[in-house]
Amino acid sequence: MANKYYAVKQGRTPGIYRTWKECQAQTSGFACAQFKSFPTMEEAQAFLDSSLGQAMEIDEHTLTAYVDGSYDHSRKEYSYGMVLKEKDGELYFAEKYADPALASMRNVAGEIKGAEKAMRYAADSGYEKLAVYYDYEGIAKWCTGEWKTKKEGTAAYKRFYDGIKDRLQVRFVKVKGHSNDEYNDMADMLAKSALGIGDGSFVPKGDGQWVKQT
């Protein structure tokens, strides 16, 4: 029988167990139990550690970023849109890309780029905490190890996160796409604007930054 490691994130006693029987004892009948099996101890530990960032308190010292992606099928280009909420106001960013290796992921590739941009901006600006609001599930789960990185684009994204997480706390907050969330909608329009299919509510300022029209 192949070795398995059962990581119990939410159960009677969270931890890593070596048998299904031990895992079942911690999760059976436990409301909202959360657990998963992995082939290695490292992957199981990463799954447990993924809950740590979610406990991070979002306060006045936290940079807030809303990210989204878009895709133009006719040109095989993808883009990200990002809204940053700082103490002194809001900043808007959007850029487009045409990397064929990532274009197959369509708008998800753009959302990945947006999340990376948010982390890089936060770290370079001296922030210690960042809250990333996103609408595609993988934006968080590729970083936390809950989803395997089966493509080079997702593997590169995971490597980027692993290289920055020791100096920047990141909390991922999922929002429902196209649900009239003001800032998610703004990030979506910024991504479209970068592809030239926006509604004119944002105009480019330079170096990936945009200005909101009043």
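Buried area is the accessible area, taken with a 1.4 Å probe, that two parts lose on being put together, summed over both. The exercises below apply this term to a predicted model.

**Exercise 1. Overall form**

Task: Determine how many helices and strands the chain has, and state what its radius of gyration is relative to the globule rule.

Solution:
1. The chain comprises 7 helices and 10 strands.
2. Its radius of gyration is 19 Å, close to the 17 Å that the globule rule gives for 214 residues; the chain is therefore as compact as a globular protein of that length.
3. The C-alpha trace spans about 60 × 40 × 30 Å along its principal axes.

**Exercise 2. The interface between the domains**

Task: Describe the interface of domain 1 and domain 2 by its buried area, its contacts and its salt bridges.

Solution:
1. The domain assignment places domain 1 at 5–49 and domain 2 at 63–212.
2. Between the C-alpha centres of the two domains the separation is 31 Å.
3. In contact are 7 residues of domain 1 and 4 residues of domain 2.
4. The two domains bury about 370 Å² between them, with 39% of this area on carbon and sulfur atoms.
5. Of the area that domain 1 buries against domain 2, 57% is supplied by Lys36, Ala46 and Phe47, more than by any other three residues.
6. The search for salt bridges across the interface of domain 1 and domain 2 gives 0, and the count of residue pairs in polar contact, both at pLDDT 80 or more, is also 0.
7. On the side of domain 1 that touches domain 2, strand S3 (34–38) and helix H2 (41–54) are the elements that give two or more residues.
8. By class, that side of domain 1 has 3 nonpolar, 1 polar and 3 charged residues.

**Exercise 3. A salt bridge between distant parts of the chain**

Task: Identify where the partners of the salt bridge between aspartate 59 and lysine 129 lie.

Solution:
1. The structure holds 9 salt bridges.
2. One of them joins aspartate 59 to lysine 129, whose closest N and O atoms are 2.9 Å apart, within the 4 Å cut-off for a salt bridge.
3. Aspartate 59 lies in the loop between H2 and strand S4 (62–72), and lysine 129 in strand S7 (residues 129–134).
4. The pair thus links distant parts of the chain, 70 residues apart.

Conventions
Residues are numbered from 1 along each chain as its sequence is written. This is a predicted model: local features need pLDDT of at least 70, side-chain atom pairs count only at pLDDT 80 or more; totals for chains, interfaces and linings use all residues. Side-chain values use heavy atoms; hydrogens and water are left out. Domain bounds come from an automatic or database domain assignment. Contact means heavy atoms within 4.5 Å. A salt bridge is a side-chain nitrogen of Lys or Arg within 4 Å of a carboxyl oxygen of Asp or Glu. A polar contact is a pair of N or O atoms within 3.5 Å; within protein, one must be able to donate a hydrogen and the other to accept it, and residues adjacent in sequence count only if both atoms are side-chain atoms. Helices (H or I, at least four residues) and strands (E, at least two) are DSSP runs, numbered from the N terminus. Ala, Val, Leu, Ile, Met, Phe, Trp, Tyr, Cys and Pro count as nonpolar, Asp, Glu, Lys and Arg as charged, and the others, Gly among them, as polar. The radius of gyration is taken over C-alpha atoms; the globule rule is 2.2 Å times the number of residues to the power 0.38.
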